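Open the model in your viewer and keep the selection tool at hand. We will take this one stop at a time.

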Amino acid sequence: MIIKQLSVFVENKPGRLAEITRIIADAGCSLEALSIADTDNFGILRLIVDDYEKAYSALKANNVVASVKDVVSVKVPDVPGGFAGMLTTLSDNGVDVSYTYAFISKSGNDAQVVIRVADNNKTISILTEAGYKL
Amino acid sequence: MAIYNKEIETAERHELEAIQSLALVRMVRKVYENVPLYKKKFDEVGVKPSDIKSVKDLHKLPFTYKSDFQENYPYGLFAEPLSNVVRIHATSGTTGRQTVVGYTKDDMEIWSECVARALTAAGGTKEDVIHISYGYGLFTGGLGAHAGAEKIGATVVPVSTGNTDRQIRLFQDFGSTILCCTPSYALYLGDAVQSKGIKKEDLKLKAGIFGAEPWTEKMRAEIEKRLGLKAYDIYGLSEIMGPGVSFDCECRCGLHVNEDHFIPEIIDPDTGEVLPYGEYGELVFTCISKQALPLVRYRTKDIACLNIEKCECGRTLVRMSKPKGRVDDMMIIRGVNVFPSQIEAVLLTFEDLAPHYLILLDRVNNLDTIEIQVEMSENLFHDEVRQLEALVKEIKRRIESAVGISAKITLVNPNTIPRSEGKAKRVIDNRKFD
């Protein structure tokens, strides 16, 4: 399914990451998944939170640059090859994955995987047809 | 397009130099005998008026600085008794005392003629309705433009500054054809015209003469677009005379200096050495014809270069480039002269970049380093590293292309670069020069 992801600009300064996660915590939001991409100059923190609107407002109020993106979330069997299988399905169908990260959900035997793709709806139909749960 | 004073404005170089030499010799003797400061300066460098025989000897003379005005406030630099001074003007004086300047009746004539040349070059004639929105008062802008407009016999409307609604109403009611004001105000008027739903085609404005502050070609294009007129530059400073020291012709490829009155030089701001045509350096003027306040080699602190080639318009008066910046602004990074304004111009080409930036200079391993901090904003933010990296790379590339040096670009959080009411401090130079 399509879920909301918060992308946050992280200035390359010590303590910035701690500061950002503290702002979200103080807003009473809970982190469900996260991933960070780092470069020489800056980082981009990607978060799945329980209340993205609350988190986004808190960040903005604290002078943090953030944006909300629609990303695809798919359940993948929590066994060796589970992730690779899903990615193969996507590449066989010409879907490019910009980035991805996974988290273990509290229920069931599946891992939850977040993927960023160009066409969310097309990706969802490809995965559904291949039998994946979203 | 017409030329106000064909004889002078299209004179052969050797004729101009002859006029200059004659006037210079006379002026040097006058200041030595009448202005104590100049007697002191000349004696200090061991120069006597009789040592100056022509313009070729100009370089032997000492410089005059803004501080000379401050130290001789208010009338200490006048070469005429106050009873012969018919007009006083002064600059706003943001730091300390105002700079006071004076004019005799003949000086006022010179001023009128210089501005008349500028107005004529912009197509102005007695048929024009000249709308003057420069401030009238101690500031030289309003009354200077006024004198020139009257000289060409135009219909002068001395509106002065402020009351934008009225300015626009007068454009329509009085049929103003030429506008004189600062370029920022012109932009502002253009905006106001647009927001009132007035079509620029319904206004009779055909030309505008803008000066008193630096402005870019981009601003020129904006002003022309909004007001539907042709925009001309005019340059001057109160110490030298006021507006009219130099002016744009229809080619708008450099401002013609009224060098029968003001001899321009370009010098190296550190050594004082006179630089050849085409090289950038500090603009210096010598007032050879004014009576009340003739200045010897006044250092303007403006950076420009001179072009001696005859212009397409037919004028032989030397052209100066638009001032590129101020001496105090200029940074030298790895031997390259860089102005914050150049960096700003590049950053402005990125639509979503806020106009707040900070330039940090340092020295690492004996090599100058430059870091430009730029604020991140939601409009600029891309979710993917690749896109943000591409932005950083593009900023770096455009800067390198514009100023010739490679800078580190750092994206910082919004609202972290200090703002200021006045001129923002854009450069932090941590280099220690031993």
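Start by colouring chain A by confidence, since this is a predicted model. Select helix 2 of chain A, residues 52-61: confidence in chain A is highest here, at a mean of 94. Now select strand 5 of chain A, residues 99-104, where confidence is lowest, at a mean of 86. Across chain A, pLDDT averages 90. Of its residues, 99% score at least 70.

Next, show both chains together. How many residues of chain B are in contact with chain A? Select them and you get 20, set against 22 residues of chain A. The two chains bury about 1,800 Å² between them. Carbon and sulfur atoms carry 53% of that area. Stay on chain B and pick Phe381(B), Asp383(B) and Asn413(B), which lose the most area to chain A. Together they make up 37% of what the chain B side buries.

Now look for charge pairs. There are 4 salt bridges between chain B and chain A. Zoom in on one: the side chains of Glu384(B) and Arg116(A) meet at 3.0 Å, N to O. Polar contacts come next, with 12 residue pairs between the chains, both residues at pLDDT 80 or more.

Which elements of chain B give two or more residues to the side that touches chain A? Select helix 11 (385-403) and strand 20 (408-412) of chain B. Helix 11 of chain B gives the most, with 5 residues.

Last stop: colour the chain B side of the interface by residue class. You will find 9 nonpolar, 5 polar and 6 charged residues there.

Technical notes. Residues numbered from 1 in each chain as written. Chains lettered and ligands numbered in written order. Heavy atoms only, no water. Contact = heavy atoms within 4.5 Å. Buried area = accessible area lost by both parts, 1.4 Å probe. Polar contact = N/O pair within 3.5 Å; in protein donor to acceptor, adjacent residues only side chain to side chain. Helix = DSSP H or I, 4+ residues; strand = E, 2+ residues; numbered from the N terminus. Nonpolar A, V, L, I, M, F, W, Y, C, P; charged D, E, K, R; others polar. pLDDT = per-residue confidence, 0-100.
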